[in-house]
Amino acid sequence: MSIAETELEIVEEFELFDDWMQKYEHLIDLGKSLPMIDDQHRTDDKLIRGCQSRVWMHSELKDGKILYTADSDAIITKGMVALMIRVLSGHTPDEIINAELGFVEKIGLIKHLSPTRSNGLVSMIKQMKLDALAYKQIQR
Amino acid sequence: MNEVNSISELRIDSEQIRADFPILSRKINGKPLIYFDSGATAQKPQQVIDAVSTYYAQQNANIHRGVHTLSQEITIAYEKARGTVQKHLNAEHSHEIIFTKGTTESICLVAYSFGKKFVKAGDEIIVSEMDHHSNILPWQQLCEDRGAVLKVLPINDAGELEIDELQKLITNKTKLIAVTHVSNTLGTINPIKEIIQLAHSKNVAVLVDGAQAVPHMNVDVRALDADFYCFSGHKLFAPTGVGVLYGKEKWLKVMPPYQVGGGTIKTVTFQKTEYADLPLKFEAGTPHMEGVIGLEAALNYVNKIGLKNIAAYEHSLLEYATSELKKIAGVKIIGTAKEKASVISFVVEGLHPLDVGTILDQLGIAVRTGHHCTQPLMERYCIQGTIRVSLAFYNTAHEIDELIKGLKRAIDMLR
């Protein structure tokens, strides 16, 4: 599935919810179901500093595609992390670098992308793309 | 302690007061706004908004410069506002009131100018463990620059300063103690008068960060005998970008200017500049005129209600909110000092403050989450952050009930 297709799938999934509460409950469930990052990667050098919630992220390149794993100490952040991984993990560096990630706005969670210094989502997207850029360099 | 049922007996007509604050009728996420973040910035009454818009509609001109009527009028109004602040703080002279951008700039000014004049290598500055970064960093920077030593006055588990330790911390090298009047995170009201008496007995100056105190209580700088007292307008229902530094004349007179430029001088030649007298020496550039006019309107507003009434009403809200929060399993209040202003920090066992704050926001309830610019304090309590409810006189017991309901809902969702 392409990045755009996964984004569309998530948008449709969120359209089923009538109100914010169901939306957040879903996000919390996603957070709870995110497989824990390997303990060896839950270290300070894998920490993305986002002011309030902490996000740890690890990436590796396998067969030309990047695989991400991550964790957060805040459950709603973790839910958003799970969405990001679902969209971006398993794609090539180029696909990840060029991803626009419009789904965040479409599912009504755009405020989590505001630069309020409160959650690590913005920093996480930046880090995911930076990793992709780095892998692209390695591939050359 | 006041009984909760005394709220209605207090001379605060919260319905009428709320009508003065237009923003309080806003809806957030479809719910009536419940604003519990006045400690970050307070909302503005119509009286302040009107003062600012009248300034632009009728009064705008540059002060202290022009011979024309508008300039003279605004100069008079600006200096009248200085007099209002002087009276409010009971300062001896109006030129002891310096208008700044806010508490941060007031503290930076003193750290720079007092530091330049009086602090040398090996000297000591004391701050407290509960202070806001704004009252730590300028001193840390000064100490790095001058080769001076930054010492820290610790707190106990309740969030009260260990005053006995202060006695031991002060040496003949100590030049200044910088301490907050009210903790922005814990709500603790510090025994400032006692600290100043002790400091003065050893010839040490004291700077008080009053940002969280002035919205909640009467402050008398002469009764306190403070050397410097700083606060921001925006936490006192005034516009953003304006603040006050009170400094004793004996200090301000001998301190060098902080920023220099237009307005700060008597004569300028390329060889030598003679600086203006107080207070203009410390007010470089065109000042925040509408902010100062708005600050005066805000002071008039709170004084009309009466800070004693405000303090008593807010204390009742604090007591009520504290007792209701304590009933919720897993809630732990951080900061249980005997003397508290209307600020409550708490954590919920097993939950991240950010998650709780996010759900409360969906319910229209604005709280602050995080470290509140007091990271050393968070380290002291071994926590990442807290949820902070800061109450003002426009808040009501009903809003606290809504908070409790919202909190229970958030806990249900997140657990």
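The following exercises, each with a worked solution, concern a predicted model with chains A and B.

**Exercise 1. Confidence in chain A**

Determine which element of chain A has the lowest mean pLDDT and which has the highest.

Solution. Begin with the chain as a whole: chain A averages a pLDDT of 87, and 92% of its residues score at least 70. Then turn to the individual elements. Strand E1 (residues 47–49) of chain A has the lowest mean value, 78. The highest, 96, belongs to helix H4 (residues 93–98) of chain A.

**Exercise 2. A helix pair in chain A**

Describe how helices H1 and H3 of chain A pack, and classify the residues of their contact.

Solution. Consider the geometry before the residues. H1 (residues 3–15) and H3 (residues 75–88) of chain A pack at an angle of about 140 degrees, and their axes are 8 Å apart. On the H1(A) side, the contact is formed by Ile3(A), Thr6(A), Glu7(A) and Ile10(A). The H3(A) side contributes Leu83(A), Arg86(A), Val87(A) and Leu88(A). By class, this contact holds five nonpolar residues, one polar residue and two charged residues.

**Exercise 3. The contact between the chains**

State how many residues each chain gives to the contact, and find which helix gives the most on the side of chain A.

Solution. Chain A provides 14 residues and chain B provides 12 residues. On the chain A side, helix H2 (20–33) and H3 each supply at least two residues. H2(A) gives the most, with four residues. The side of chain A that touches chain B comprises seven nonpolar, five polar and two charged residues.

**Exercise 4. A sheet in chain B**

Establish the strand order of the open sheet of four strands in chain B, and identify the strands at its edges.

Solution. The order is E13-E14-E17-E16 (chain B), with antiparallel pairing. Strands E13 (331–334) and E16 (368–370) of chain B each have a single partner strand, so they stand at the edges, and one side of each lacks a neighbour in the sheet. On average, neighbouring strands are turned by 30 degrees against each other, direction ignored. Next, examine one pair: E16(B) and strand E17 (residues 386–390) of chain B run antiparallel and are joined by three bridges. Thr369(B) has Ile387(B) in E17(B) as its bridge partner. Finally, add the helix: H12 (residues 353–362) of chain B lies across E14 (343–348), E16 and E17 of chain B, at about 160 degrees to E16(B).

**Exercise 5. Helix H10 of chain B**

Explain why H10(B) is described as largely enclosed by the rest of the structure.

Solution. H10 (residues 289–305) of chain B has 17 residues and spans 25 Å from first C-alpha to last, close to the expected 24 Å. Of these 17 residues, 13 are buried, so H10(B) is largely enclosed by the rest of the structure. The helix is followed by Gly306(B), whose phi is positive, near 100 degrees. In the loop between strand E12 (273–275) and H10 of chain B lies Pro279(B), joined to Leu278(B) by a cis peptide bond with omega of about 0 degrees.

**Exercise 6. Positive phi outside glycine**

Decide whether Asn203(B) is buried or exposed, and classify Cys373(B) likewise.

Solution. Asn203(B) has a phi near 60 degrees and is placed in the loop between helix H7 (192–201) and strand E8 (205–209) of chain B. Its count is 10 other C-beta atoms within 10 Å; because the limit for exposed is 12 or fewer, Asn203(B) is exposed. Cys373(B) has a phi near 55 degrees and sits in the loop between E16 and helix H13 (375–380) of chain B. With 16 C-beta neighbours inside 10 Å, Cys373(B) is partly exposed.

Key: Residues numbered from 1 in each chain as written. Chains lettered and ligands numbered in written order. Predicted model: local features only at pLDDT ≥ 70, side-chain atom pairs only at ≥ 80, totals over all residues. Axes fitted to C-alpha atoms, helices over the stretch in contact; angles between N-to-C directions. Contact = placed C-beta atoms within 7 Å. Nonpolar A, V, L, I, M, F, W, Y, C, P; charged D, E, K, R; others polar. Expected span 1.5 Å × (residues − 1). Buried ≥ 20, exposed ≤ 12 C-beta atoms within 10 Å, placed from the backbone. pLDDT = per-residue confidence, 0-100. Pairing = 2+ DSSP bridges.
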